[in-house]
Amino acid sequence: MKYFFSFLFLLYVMTGLGQASFPKGFKLIEGDNPMGEDDRYSNGKDVFQIHLFWRAYDNYTWNDDKVKQDIAKGYGFPIYRTTDSLLWGTGKTDDLYFYIVVDWGGEIFELFSRDNDADFATYSKWLISSIREYRKKGKWFIFPRRILK
């Protein structure tokens with residue numbers, strides 16, 4: 001019974017943290033991980049996904065110059081730091097256009113598409129402004145997660 005209550009508490013906490021509400025038309029594309037860690041959200045043309053940037057934990061500060069360089073090297077395009085310490089970058093890798101934002105905890109939010117059009121620009125702005133808006137409200141911006149179906 002205590003596991004059941006723990007599970008309910010976990011569900012309550014995760015929804016209270018601030019699961020993102022995607023723009024109209026985006027649907028879940030389930031990944032292989034049963035906890036939803038590799039899920040994507042797509043409208044058929046543009047795709048959002050999230051993952052944690054892994055790096056050594058000795059003498060680091062999230063979003064410092066070393067992190068910025070590591071991410072730029074990995075994606076193959078320049079990464080910039082905003083005045084509020086978010087990292088962001090946009091560019092083309094292979095045949096996909098990317099817009100990425102790295103939040104204050106090291107989560108990488110990606111938007112990618114084959115087209116660099118007005119929709120891509122709109123969703124790029126939505127992503128970074130939503131991350132900031134959730135933080136102002138004291139919530140943690142995360143994509144909705146499946147919990148073991």
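Here is a walk through this predicted model, from its sheet to its cores and aromatic rings.

Let's start with the sheet. Seven strands make up an open sheet, and reading across it you meet them in the order β1-β2-β3-β7-β6-β5-β4, with antiparallel pairing. At the edges sit β1 (27-29) and β4 (80-81), each of which pairs on one side only. If you look at the β4 edge, you'll find two bridges joining it to β5 (residues 87-93), and these two strands run antiparallel. Within that stretch, R81 stands opposite L87 in β5.

Now add the helix. α3 packs on the sheet and touches β3, β5, β6 and β7. As for its direction, α3 makes an angle of about 10° with β6.

That brings us to the interior. The largest nonpolar core has 20 residues, and the members that touch the most others are F48, L127, F141 and F143. Several elements feed this core: β3 (46-52), β6 (96-102), β7 (107-113) and α3 (118-136) each put in at least two residues. The largest share comes from α3, with seven residues. There is also a second, separate core of 13 residues, and Y75, F98, I108 and F112 are among its members.

F48 is a good place to pause. Leaving aside residues up to four places away in sequence, F48 touches F22, F26, R40, Y41, E110, L111, Y123, W126, L127 and F143. Quite a few of those names come back when you follow the rings: F22, F26, Y41, F48, F109, Y123, W126, Y134, F141 and F143 form one aromatic cluster.

How many aromatic pairs are there in the model? The count comes to 21. One of them is W126 with F141, an edge-to-face pair with 6.1 Å from centre to centre and 65° between the planes. This pair ties together distant parts of the chain, since W126 lies in helix α3 and F141 in the segment after α3, 15 residues apart. Are these two residues buried or exposed? Both W126 and F141 are buried.

One last ring is worth a look, this time with a charge for company. The charged end of R135 sits over the ring of W104, at 3.9 Å from the ring's centre.

To pull the threads together, keep α3 in view: this helix packs on the sheet, gives the largest nonpolar core seven residues, and carries W126, a member of the aromatic cluster that also takes in F48 and F141.

Note on methods:
Residues are numbered from 1 along each chain as its sequence is written. This is a predicted model: local features need pLDDT of at least 70, side-chain atom pairs count only at pLDDT 80 or more; totals for chains, interfaces and linings use all residues. Side-chain values use heavy atoms; hydrogens and water are left out. A nonpolar core is a set of buried Ala, Val, Leu, Ile, Met, Phe, Trp, Tyr and Cys residues joined through side-chain atoms within 4.5 Å. Buried means under 20% relative accessible area, exposed over 50%, partly exposed in between (1.4 Å probe, protein chains only). Helices (H or I, at least four residues) and strands (E, at least two) are DSSP runs, numbered from the N terminus. Contact means heavy atoms within 4.5 Å. Rings of Phe, Tyr and Trp (its six-membered ring) pair if their centres lie within 6.5 Å; planes under 30 degrees apart count as stacked, over 60 as edge-to-face and the rest as tilted. A charge sits over a ring if NZ of Lys or CZ of Arg is within 6 Å of the ring centre and within 35 degrees of the ring normal. Two strands pair if DSSP finds at least two bridges between them. Axes are lines fitted to C-alpha atoms, for helices over the stretch in contact, and angles run from 0 to 180 degrees between N-to-C directions.
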